[in-house]
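Got the structure open in your viewer? Here is a tour, stop by stop, of what to select and what you'll find there.

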Amino acid sequence: MIREILTFDSPLLREHSQEVKNFDGELWELLDDMYETMKKADGIGLAAPQIGVLKRVIVIDTGGKTGKIELVNPVITAMWGKQEEAEGCLSLLHKRGIVKRPMHVRAKAYDRFGKLRRYHVKELLARAFCHETDHLNGILYKDKVIEWVEDE
């Protein structure tokens, strides 16, 4: 089911999300809805708070060989290197800004079945992991923009 994506002025986007305790049908439905919503909006990542659900859940699909990634209760464990690239957000359409992010990210998260997974991602995926994890902590990319750029 396609869900409504909240815009940047929604106070819910500034809240901290709660850990997921139950890996059940409700979580699976949330993950499926998030992925469908993200794809419909032509995005590469979506965090549950963006659809008004304050749970630590993220979906990412950058179109690369990794395909769909589902992160439940993600924790970034290491970051290194740097990149400065333009980012956008499904909660702030028609705006893009240059943001400093790490080039490499190590993270751990659970999948929909409650199995712990470990990740080492770089470049665009590293940016997506950081951007979406920020959403879980009430941080918007616009808080980190160095310079606004023209929307493509």
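Start by selecting Tyr 141: with 3% relative accessibility, this residue counts as buried. Keep in mind as you go that the model is predicted.

**Stop 1: rings around Trp 148**

Keep Tyr 141 on screen and add Trp 148. Trp 148 counts as partly exposed, because its relative accessibility is 39%. How many aromatic pairs turn up in a search of the whole structure? The search finds 4. In one of them, the ring centres of Tyr 141 and Trp 148 lie 6.0 Å apart and the planes meet at 75°, so this pair is edge-to-face.

Now add Lys 95. The charged end of Lys 95 sits over the ring of Trp 148, at 4.7 Å from the ring centre. For another arrangement of this kind, jump to Lys 68, whose charged end sits over the ring of Tyr 35, 4.6 Å from its centre.

**Stop 2: the sheet of 3 strands**

Switch to a cartoon view and colour E4, E5 and E8. They form an open sheet of 3 strands in the order E4-E5-E8, with antiparallel pairing. Which strands are at the edges? Those are E4 (83-89) and E8 (145-149), each pairing on one side only. On average, neighbouring strands in this sheet are turned by 30° against each other, ignoring direction.

Zoom in on E4 and E5 (residues 92-101), which pair in the antiparallel sense over 6 bridges. One thing to pick out here is Cys 89, whose bridge partner in E5 is Leu 92.

Next, show helix H2, residues 123-136. H2 lies across E4 and E5, and runs at about 55° to E4.

Before leaving this sheet, click on Val 145, which lies in strand E8. Is Val 145 buried or exposed? Its relative accessible area is 18%, and buried means under 20%, so Val 145 is buried. Leaving aside neighbours within four places in sequence, Val 145 is in contact with Gly 97, Ile 98 and Val 99. For a longer view, draw a distance from the C-alpha atom of Val 145 to that of Glu 36: these two are 109 residues apart along the chain and 28 Å apart in space.

**Stop 3: two cysteines**

Go back to Cys 89 and add Cys 130. Cys 89 counts as buried because its relative accessibility is 12%. Cys 130 counts as buried too, at 5% relative accessibility.

Why is there no bond between them? The sulfur of Cys 89 has its closest cysteine sulfur in Cys 130, and at 14 Å that is too far for a bond. Cys 130 is likewise in no disulfide. A disulfide needs the two sulfur atoms within 2.5 Å, and by this rule the count comes to 0 disulfides.

**Stop 4: the sheet of 5 strands**

Now colour E1, E2, E3, E6 and E7. This is an open sheet of 5 strands with antiparallel pairing, in the order E1-E2-E3-E6-E7. E1 (45-47) and E7 stand at the edges with a single partner strand each, so one side of each has no neighbour in the sheet. From one strand to the next, the twist averages 35°.

Add helix H1, residues 25-40. H1 packs on the sheet, where it touches E1, E2 and E3, and the direction of H1 makes about 40° with that of E2.

Then walk across the sheet pair by pair:

- E2 (residues 57-60) and E3: antiparallel, over 4 bridges. Select Val 57 to find its bridge partner in E3, Val 72.
- E3 (residues 69-80) and E6 (residues 104-110): antiparallel, joined by 6 bridges. Trp 80 stands opposite His 104 in E6, and Val 75 has Lys 108 as its bridge partner in E6.
- E6 and E7 (residues 116-122): antiparallel, over 7 bridges. Here Arg 106 has His 120 as its bridge partner in E7.

**Last stop: the turn between E6 and E7**

Stay with E6 and E7, and look at the turn that links them. How many residues lie between these two strands? There are 5, and the two strands form a hairpin. Finish by selecting Gly 114 in that turn, which has a positive phi of about 90°.

Terms used:
Residues numbered from 1 in each chain as written. Predicted model: local features only at pLDDT ≥ 70, side-chain atom pairs only at ≥ 80, totals over all residues. Heavy atoms only, no water. Buried < 20%, exposed > 50% of the residue type's maximum accessible area, 1.4 Å probe, protein only. Pairing = 2+ DSSP bridges. Axes fitted to C-alpha atoms, helices over the stretch in contact; angles between N-to-C directions. Contact = heavy atoms within 4.5 Å. Phe/Tyr/Trp six-rings, centres within 6.5 Å; stacked < 30°, edge-to-face > 60°. Lys NZ or Arg CZ within 6 Å of the ring centre and 35° of its normal.
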